[in-house]
Amino acid sequence: RSRMAACTSQHALISVKPPRASASFGSDRRAGNVRFVSATSCCPGSRKLGLVCASNSQSSVIEPAKLPSSPESGSTPKKSSEAALILIRHGESLWNEKNLFTGCVDVPLTPKGVNEAIEAGKRICNIPVDVIYTSSLIRAQMTAMLAMMQHRRKKVPIIVHKESERAHQWSQVYSEETKKQSIPVITAWQLNERMYGELQGLNKQETADLFGKDQVHEWRRSYDIPPPNGESLEMCAERAVSYFKEQIIPQLVSGKHVMIAAHGNSLRSIIMHLDKLTSQEVISLELSTGIPMLYIFKEGKFIRRGSPAGPSEAGVYAYTKVRVFSIF
């Protein structure tokens, strides 16, 4: 209560509204930086009044670019009002724990990673999600599933199988009511972690001892220098950002709220694109495992909200930094 009072003493109270199925996030229509939202909690049968605070001290606006054409229709989709984009790096994996280069090797989460995914889900439990994208790797898929189990809407995430005609046919759902209670999960190798080539499976410290600390640091943190027979961050960004533009932006344009559960380097690539980072800025960008980031897509622009705060009580979340970027 003391935090809420302090915040309201500095900003104008704008509105008190019940939640809607298509929630409005961070709209600039209000005169101040604070508003209350009434949100159904993660626990059934209760409702809390949550305070949403945002700082405009780091805001920047870029003129909206031309919207991309729909990959199916070839026409420019109709602009939506607002849509949420949630980015989550997977929780700790078994090879993270062992300090091994993982890359595209498919290893699951540790118990700590499971807990990180659950906590990430609690942070986003009041933010609408209509479609989920993950990489083809199990640690990202586990993170997406565990996170959505915490969501207040209790919709069931269902992996969409299109790897073959038979897989597609056999996984069809024939109940319209069931479809309404489901969230499609689309897996894409383009969102995979950077392929570390001949470093995969090697211990990071032992590799530094063998090849030299500077050489390993160059492989890991340079933008355009790949490890032996592997990918550079630039190569990873090329596939991840292309997929994001072609497949995910049209979903946001159509008004759908999207969650992406992926990896450190594929998400750094997308954030580089969204935040207009230089190649030097992106190599110093660190993403914590299991901490979601929130962007709002509105009128052809992305507004970064930082990370939703972990609710101290059910139904409360907050925004942090506010920055605005065009989609190109």
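**Notes on the annotated site, the cores and a helix pair**

1. A good place to start is the annotation: an unreviewed UniProt entry lists His90 and Glu193 under "active site". The two residues span 104 residues in sequence, but no two of their C-alpha atoms are more than 10.5 Å apart, so they gather at one spot. Please keep in mind that this is a predicted model.

2. His90 first. This residue sits in the loop between strand E4 and helix H2 (94-97). With a relative accessibility of 3%, His90 counts as buried, because the cut-off for that label is under 20%. The His90 side chain makes a polar contact with the side chain of Arg139, at 3.3 Å. Leaving aside residues up to four places away in sequence, His90 touches Asn96, Leu109, Arg139, Ala140, Thr143, Ala262, His263, Thr289 and Gly290.

3. Now to Glu193, which lies in the loop between strand E7 (182-187) and helix H7 (204-211). At 7% relative accessibility, Glu193 is likewise classed as buried. With residues up to four places away in sequence again left out, the residues that Glu193 touches include Gly103, Cys104, Leu137, Glu231, Arg239, Gly264, Asn265 and Ser266. Two more names on that list deserve a look, Arg139 and His263, since both are also touched by His90.

4. On the interior: the largest nonpolar core has 25 residues, and those with the most contacts inside it are Leu85, Phe244, Ile260 and Phe302. At least two residues of this core come from each of strands E4 (83-89), E5 (131-134), E8 (258-262) and E9 (293-298), and from each of helices H9 (233-253) and H10 (264-275). Helix H9 gives the largest share, six residues. You will also find a second, separate core of 17 residues, with Ile127, Ala144, Met259 and Ala261 among them.

5. Finally, a helix pair to inspect. How do the axes of H7 and H8 (residues 213-221) cross? They come within 6 Å and cross at roughly 125°. That angle makes H7 oblique to H8, because it falls outside the 65 to 115 degree range for roughly perpendicular and is not over 145, the limit for roughly antiparallel. On the H7 side, the residues that meet H8 are Lys204, Thr207, Ala208 and Phe211. Their counterparts in H8 are Lys213, Gln215, Val216, Trp219 and Arg220.

Note on methods
Residues are numbered from 1 along each chain as its sequence is written. This is a predicted model: local features need pLDDT of at least 70, side-chain atom pairs count only at pLDDT 80 or more; totals for chains, interfaces and linings use all residues. Side-chain values use heavy atoms; hydrogens and water are left out. A nonpolar core is a set of buried Ala, Val, Leu, Ile, Met, Phe, Trp, Tyr and Cys residues joined through side-chain atoms within 4.5 Å. Buried means under 20% relative accessible area, exposed over 50%, partly exposed in between (1.4 Å probe, protein chains only). Helices (H or I, at least four residues) and strands (E, at least two) are DSSP runs, numbered from the N terminus. UniProt positions are given in the numbering used here, feature names are shortened, and annotations may be inferred rather than shown by experiment. Contact means heavy atoms within 4.5 Å. A polar contact is a pair of N or O atoms within 3.5 Å; within protein, one must be able to donate a hydrogen and the other to accept it, and residues adjacent in sequence count only if both atoms are side-chain atoms. Axes are lines fitted to C-alpha atoms, for helices over the stretch in contact, and angles run from 0 to 180 degrees between N-to-C directions. Angles under 35 degrees count as roughly parallel, over 145 as roughly antiparallel, 65 to 115 as roughly perpendicular and the rest as oblique.
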